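Trainee: Please take a close look at one part of this model, a packed pair of helices. I would also like to see what lies around it.

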Amino acid sequence: MRAGRARIPIGAANLLWTRCHVDDVATGVLAALDSRAVAGQAINLGETSTATIGTWFRQILSAAGSSAELVQVPDRALPHDLALSGMQAQHLLVSVTRARSLLGWTAGDPAERVAGSVRWHLAHAPGRRLDGHGHGGRRGRARIAGVFVRTGHG
């Protein structure tokens, strides 16, 4: 998108892969830390409904206000950074039922999370210095710490 391409090559874009926004991961981890009900158990955190990678790409383009067209090409013609959009035989889905039932945790709306992430990435382009020195520094740590403060931890 940043390259201004009108057409973006993708493969079948059929992969189903449970994703989770960083803010949702933070609230889930904090909820687990505060609960004895999950001691010794594996807890999955992720969106409750999973769309294909192709749908995710379209959500990203829409949230960015891009008019780029996704064009299906053979897997062998995919650029390395878009290989994930190739034909996938194995999906990666998890159930968040235990997190919901034991912690009362739910992830935010996947489409809203994608839009929020896109806005953040557009405002913080690669190479842009978050702390004036080329890395996250204090401001980057403050953003992460803000997750804990907003949720009443830290």
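**A helix pair and its surroundings**

Mentor: Among contacts in the chain between residues at least 6 apart in sequence, 86% join residues at least 24 apart; contact here means heavy atoms within 4.5 Å. This is a predicted model, in which local features need pLDDT of at least 70 and side-chain atom pairs count only at pLDDT 80 or more, while totals for chains, interfaces and linings use all residues. Residues are numbered from 1 along each chain as its sequence is written, and side-chain values use heavy atoms, with hydrogens and water left out.

The chain has 5 helices and 2 strands, where helices (H or I, at least four residues) and strands (E, at least two) are DSSP runs, numbered from the N terminus. Along the sequence they follow the pattern β-α-α-β-α-α-α. Of the 154 residues, 27% count as buried. Buried means under 20% relative accessible area, exposed over 50%, and partly exposed in between (1.4 Å probe, protein chains only).

Now the pair itself. Two packed helices are described by the angle between their axes and the distance between the axes. Here the helices are α2 (residues 53–63) and α4 (residues 110–123), whose axes come within 9 Å and cross at roughly 50 degrees. That angle makes α2 oblique to α4. The axes are lines fitted to C-alpha atoms, for helices over the stretch in contact, and angles run from 0 to 180 degrees between N-to-C directions. Angles under 35 degrees count as roughly parallel, over 145 as roughly antiparallel, 65 to 115 as roughly perpendicular and the rest as oblique. The crossing of α2 and α4 is right-handed, that is, the near helix is turned clockwise from the far one by less than a right angle.

On the α2 side, the contact is made by Trp-56, Gln-59, Ile-60 and Ala-63; on the α4 side, by Ala-111, Val-114, Ala-115 and Val-118. These residues divide into 7 nonpolar, 1 polar and no charged. In that count, Ala, Val, Leu, Ile, Met, Phe, Trp, Tyr, Cys and Pro are nonpolar, Asp, Glu, Lys and Arg are charged, and the others, Gly among them, are polar.

Val-114 shows the contact from the α4 side. Leaving out residues up to four places away in sequence, Val-114 touches Trp-56, Gln-59 and Ile-60. Its C-alpha lies 7.9 Å from that of Trp-56, although the two are 58 residues apart in sequence. Val-114 counts as buried because its relative accessible area is 10%.

Cys-20 is another residue to place relative to Val-114. Cys-20 sits in the loop between β1 and α1, 94 residues from Val-114 in sequence and 9.7 Å from Val-114 in space, C-alpha to C-alpha. Apart from neighbours within four places in sequence, Cys-20 is in contact with Val-25, Leu-45, Gly-46 and Trp-105. Its relative accessibility is 28%, so Cys-20 counts as partly exposed.

Helix α2 also takes part in the largest nonpolar core, which has 10 residues: Ile-8, Ile-10, Ala-13, Leu-15, Ile-53, Phe-57, Leu-61, Ala-68, Leu-70 and Leu-82. A nonpolar core is a set of buried Ala, Val, Leu, Ile, Met, Phe, Trp, Tyr and Cys residues joined through side-chain atoms within 4.5 Å. The elements that give two or more residues to this core are β1 (7–10) and α2, and α2 gives the most, with 3 residues. Apart from this core lies another, of 6 residues, among them Val-38, Val-96, Leu-103 and Ala-107.

Two core members deserve a word. Leu-15 touches Ala-51, Thr-52, Ile-53, Leu-84, Gln-88, Gln-90 and His-91, not counting residues up to four places away in sequence. Ala-13 lies in the loop between β1 and α1 (22–33) and has a phi near 55 degrees, a positive value in a residue other than glycine. With a relative accessible area of 6%, Ala-13 is buried.

Ala-12 is in the loop between β1 and α1 too, but at 29% relative accessibility Ala-12 counts as partly exposed. The C-alpha atoms of Ala-12 and Ile-53 are separated by 9.1 Å, with their positions 41 residues apart along the chain. The contacts of Ala-12, not counting residues up to four places away in sequence, are Gln-72, Asp-75, Ser-85, Gly-86 and Met-87.
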